[in-house]
Amino acid sequence: MNDQQRRRPAKPHRRPKKDPVRFLAFEALRAVDERDAYANLVLPPLLKKARAKGDFDSRDAALATELVYGTLRRQGTYDAIVAACIDRPLREVDPPVLDVIDMGVHQLLGTRIPTHAAVSASVELARVVLGEGRAKFVNAVLRKVSADDLDGWVAKVAPSYEEDAEDHLAVVHSHPRWVVSALWDALGGGRAGIEDLLEADNERPEVTLVARPGRSTTDELLTALGEENGLPGRWSPYAVRMAEGGEPGALTAVQEGRAGVQDEGSQLVAAALANAPVEGGDSRWLDGCAGPGGKAALLAALAAGRGAALLAAEKQPHRARLVERALAGNPGPYQVITADGTRPPWQPGSFDRVLMDVPCSGLGALRRRPEARWRRRKEDLENFAPLQRGLLREALKAVRVGGVVGYATCSPHLAETRVVVEDVLKGRGGQPVEAEWVDARPLMPGVPALGDGPDVQLWPHLHGTDAMYLALLRRTA
């Protein structure tokens, strides 16, 4: 080393620059991982706070949303790629480090962000939240990833379809293998259908509004949204789709509770129950698992139009408060109570119509809650099963002879849908119930591909809805 080199001053240490968009996305991913939070609940308040501070505009919010949801949806594929780029088991990488890497991989392989920008921004984030040493690891991994595109990487890390069809689909479409298997069993058919379904799970769902009858109309919502952003619903007469996204809470009808955000599948389930033929009177309706209140609000509006009263019951007090908020201002008679549907306070035979939208795995809403696919385990179904059967039994006791029960769940898994209904009707695990199936298909007019009946399974790739299931049962004795 010569004298000139010895006298050259050392480079000043540069403090890492905090990128508010990527930092917020990282915060959301950590909340999902550390607190078992859901992104659709964590992200909005973070975005609202950032806007209030003046850090964000609409483009920033859109990018942060894409980074969070895109990373969560494609996590399985990205983890397989990252595993091929490191010399240790993936489980030995600290979760915060893996979040930064996966978010960087999404920018490289799932967006149009230029390679150099995706890498440099991810490394800078790593310097801010992880420190200099681990930022170098992030840099090394992402530079390896940037050597190929998504199709090239998938060809390297996924087994062939012929070698292992379920594992191939799991890696290519970023679903746990057991979920692929369960969805395939429920869907039936060959390769094309399951691939369409898995791909639909990875698409961003439209925001769908519901105009609550007697309180708002689809025309009002379409006018408020304008021609460019407002589209009629595909199937529900109460639905309006927001083509360009946007903020539903900015609409006056939503602010006043006369309209709300609700998937068309949920609207169809509530409407089908409301329109199912009953024998005798029709004045007392029950929503036995009402939280957070979307279906209860639609049922209450429909009931009010017929002079009927709705009782909305919810076991969890905080969810019961959400139901109260959703039903506030309904013109007809209604009551919200905190009650356990498996130990009901009402007398048997008290109601003409009963909706029991039971707790479930949520595999039908993976478009909206992509983290659920990584959080759920196959064993969870065994925990839900006794509760689902118990709630359906009590629903059938609660309805009078000639009345109708709607058993609904946001899951297509056979163990949570038809198997539950058949077990209850046949008395498996309890006393047999005297009830008959009601064909639900005619109660969803215009909706195609509803299967052989009498129950209905909706699908994201066929109907553009969550994978809602509905069985209608009439009590006969």
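Visitor: How many disulfides does the count come to?

Guide: The count comes to 0 disulfides. Please note that this is a predicted model.

Visitor: Which cysteine sulfur is closest to that of C360, and how far away is it?

Guide: The closest cysteine sulfur belongs to C410, at 5.7 Å from the sulfur of C360. A disulfide requires the two sulfur atoms to lie within 2.5 Å, so this pair is too far apart for a bond. Taken from the other side, C410 is in no disulfide, and its nearest cysteine sulfur is that of C360.

Visitor: Is C360 buried or exposed? And C410?

Guide: C360 counts as buried because its relative accessibility is 13%, where buried means under 20%. C410 is buried too, with a relative accessible area of 16%.

Visitor: Let us turn to the sheet. What is the order of its strands?

Guide: The sheet is open and has 4 strands in the order β2-β3-β1-β4, with antiparallel pairing. Its edge strands are β2 (230-232) and β4 (259-261), each of which pairs on one side only. On average, neighbouring strands are turned by 30 degrees against each other, direction ignored.

Visitor: How many bridges link β1 and β3?

Guide: Strand β1 (residues 207-211) and strand β3 (residues 239-242) are paired over 4 bridges in the antiparallel sense. Among the facing residues, V207 has M242 of β3 as its bridge partner, and L209 stands opposite V240.

Visitor: And how many bridges join β2 and β3?

Guide: There are 3 bridges between β2 and β3, again in an antiparallel arrangement. One of the residues involved is L231, whose bridge partner in β3 is R241. The two strands form a hairpin, with 6 residues between them.

Visitor: Which residues of β3 are buried on each side?

Guide: On one side A239 and R241 are buried, and on the other V240 and M242, so that both faces of β3 are covered. In a regular strand, side chains alternate between the two faces of the sheet.

Visitor: Which helix lies across these strands?

Guide: Helix α13 (residues 218-225) lies across β1, β2, β3 and β4, and runs at about 15 degrees to β3.

Visitor: A different helix now. How many residues of α15 are buried?

Guide: In α15, 11 of the 12 residues are buried, so the helix is mostly covered. The buried residues include E264, Q267, L268, V269 and L273.

Visitor: What span should α15 have, at 1.5 Å a residue?

Guide: The expected span for the 12 residues of α15 (residues 264-275) is 16 Å, and the end C-alpha atoms are indeed 16 Å apart, which agrees.

Visitor: What reaches the backbone nitrogen of G265 at the start of α15?

Guide: A side-chain oxygen of D263 comes to within 2.8 Å of the backbone nitrogen of G265 there.

Visitor: One last residue: where does S174 lie?

Guide: S174 is located in the loop between α10 (165-173) and α11 (177-187). Its relative accessibility is 0%, and therefore S174 counts as buried.

Visitor: Which backbone nitrogen does the side chain of S174 reach?

Guide: The S174 side chain reaches the backbone nitrogen of G76, at 3.0 Å.

Visitor: With which residues is S174 in contact, leaving aside its neighbours within four places in sequence?

Guide: With those neighbours left aside, S174 is in contact with R73, R74, Q75, G76, T77, L169, R373 and W374. G76 is thus named both in this list and as the residue whose backbone nitrogen the S174 side chain reaches.

Terms used: Residues are numbered from 1 along each chain as its sequence is written. This is a predicted model: local features need pLDDT of at least 70, side-chain atom pairs count only at pLDDT 80 or more; totals for chains, interfaces and linings use all residues. Side-chain values use heavy atoms; hydrogens and water are left out. The expected span of a helix is 1.5 Å times one less than its number of residues. Buried means under 20% relative accessible area, exposed over 50%, partly exposed in between (1.4 Å probe, protein chains only). A polar contact is a pair of N or O atoms within 3.5 Å; within protein, one must be able to donate a hydrogen and the other to accept it, and residues adjacent in sequence count only if both atoms are side-chain atoms. Two strands pair if DSSP finds at least two bridges between them. Axes are lines fitted to C-alpha atoms, for helices over the stretch in contact, and angles run from 0 to 180 degrees between N-to-C directions. Contact means heavy atoms within 4.5 Å.
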